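Here are a few notes to read alongside the model. Have a look at it first, then come back to the points below.

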Amino acid sequence: MNIAKVLELQDLYIEAGKIHKEFEESEINKEYTKAKDNRSAAKNAIQEVLRQADEYQVALEALGKQIQALAEEAKEIADSDYEGIDLDELEDEKGEIENCKKEVQAMISKADGTKSALQNLFRRVSQAANEYKKFDAKRNELKPAFESKSLEIKQKFDTVNEKIKALKESMNESDVALYEQTKATVGKPRVVVKLTEMNCGGCGMALDPSAYQKIIQDKCGKCPSCNRLIYVQE
Ligand SMILES: [Zn+2]
């Protein structure tokens, strides 16, 4: 293993990581992301309220139809021919009409409740629309600075990536593969560490004599504790 080149590759990956972190932690990225997230939240709120409003409108229409049907029923009873009808039957018919009236009253107050709920929803939608406008304006205001920061970062990334590419081409494939695998296993770029006395230079774990001997012999090896690559400095 060409340890010098592997360490060089590692340094480049660490640099790429720093560039990424610089972008993530920049004020402009944080502010822009916040404005964008708030804008999406306001948009979702508007959609949710409009969906509820649709449901209320459908309910109102259904109530309107039921009220109309009941009113027609009552009118039919009232308009029917009462000639020759006996008193008891007449009382029954009157009772029917009274019931229809009561049902209509109940439905009208239900419809009134739905209407005022609908008005509340429209107030909420206009609030959410104002929020949306506010965050949209903020996002547009931040956009040029965000885009220029993104471009700056991209250029830095491209430079490092070109160096990584060129370096890899000059390396043994197996060295590149070993570094990349170790990086993926450990989950961070700094994975090639020095042997310090009998300890792993990454996690500090003391190696047992046989693992230590093997590393000394092979000039490098895996840490049994943290999986980093331990190398012996010449
Ligand atoms: Zn270790």
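What share of the contacts in the protein between residues at least 6 apart in sequence join residues at least 24 apart?

1. The share is 72%. Keep in mind that this is a predicted model.

2. On to the overall make-up. The protein has five helices and four strands. Reading from the N terminus, the order is α-α-α-α-β-β-α-β-β, so you can tick the elements off one by one as you go along the chain.

3. Now the outline. The C-alpha trace spans about 120 × 45 × 30 Å along its principal axes. The radius of gyration of the protein is 38 Å, whereas a compact globule of 234 residues would come in near 17 Å. As for burial, 12% of the 234 residues in the protein count as buried.

4. Take a look at how H2 and H3 sit together. Helix H2 covers residues 27-79 and helix H3 covers residues 87-169. The two pack with their axes 6 Å apart, at an angle of about 165 degrees. Angles over 145 degrees count as roughly antiparallel, so that is what H2 is to H3. Their crossing is left-handed.

5. H4 makes a nice length check. This helix takes in residues 173-186, which is 14 residues. At 1.5 Å a residue it should span 20 Å, and its end C-alpha atoms are indeed 20 Å apart, so the expected and modelled lengths agree.

6. One last spot to find on the chain: Gly187, just after H4, takes a positive phi of about 85 degrees.

Conventions: Residues are numbered from 1 along each chain as its sequence is written. This is a predicted model: local features need pLDDT of at least 70, side-chain atom pairs count only at pLDDT 80 or more; totals for chains, interfaces and linings use all residues. The radius of gyration is taken over C-alpha atoms; the globule rule is 2.2 Å times the number of residues to the power 0.38. A residue is buried if 20 or more other C-beta atoms lie within 10 Å of its own, exposed if 12 or fewer, and partly exposed in between; C-beta atoms are placed from the backbone. Two residues are in contact if their C-beta atoms, placed from the backbone, lie within 7 Å. The expected span of a helix is 1.5 Å times one less than its number of residues. Axes are lines fitted to C-alpha atoms, for helices over the stretch in contact, and angles run from 0 to 180 degrees between N-to-C directions. Angles under 35 degrees count as roughly parallel, over 145 as roughly antiparallel, 65 to 115 as roughly perpendicular and the rest as oblique. A crossing is left-handed if the near helix is turned anticlockwise from the far one by less than a right angle, and right-handed if clockwise.
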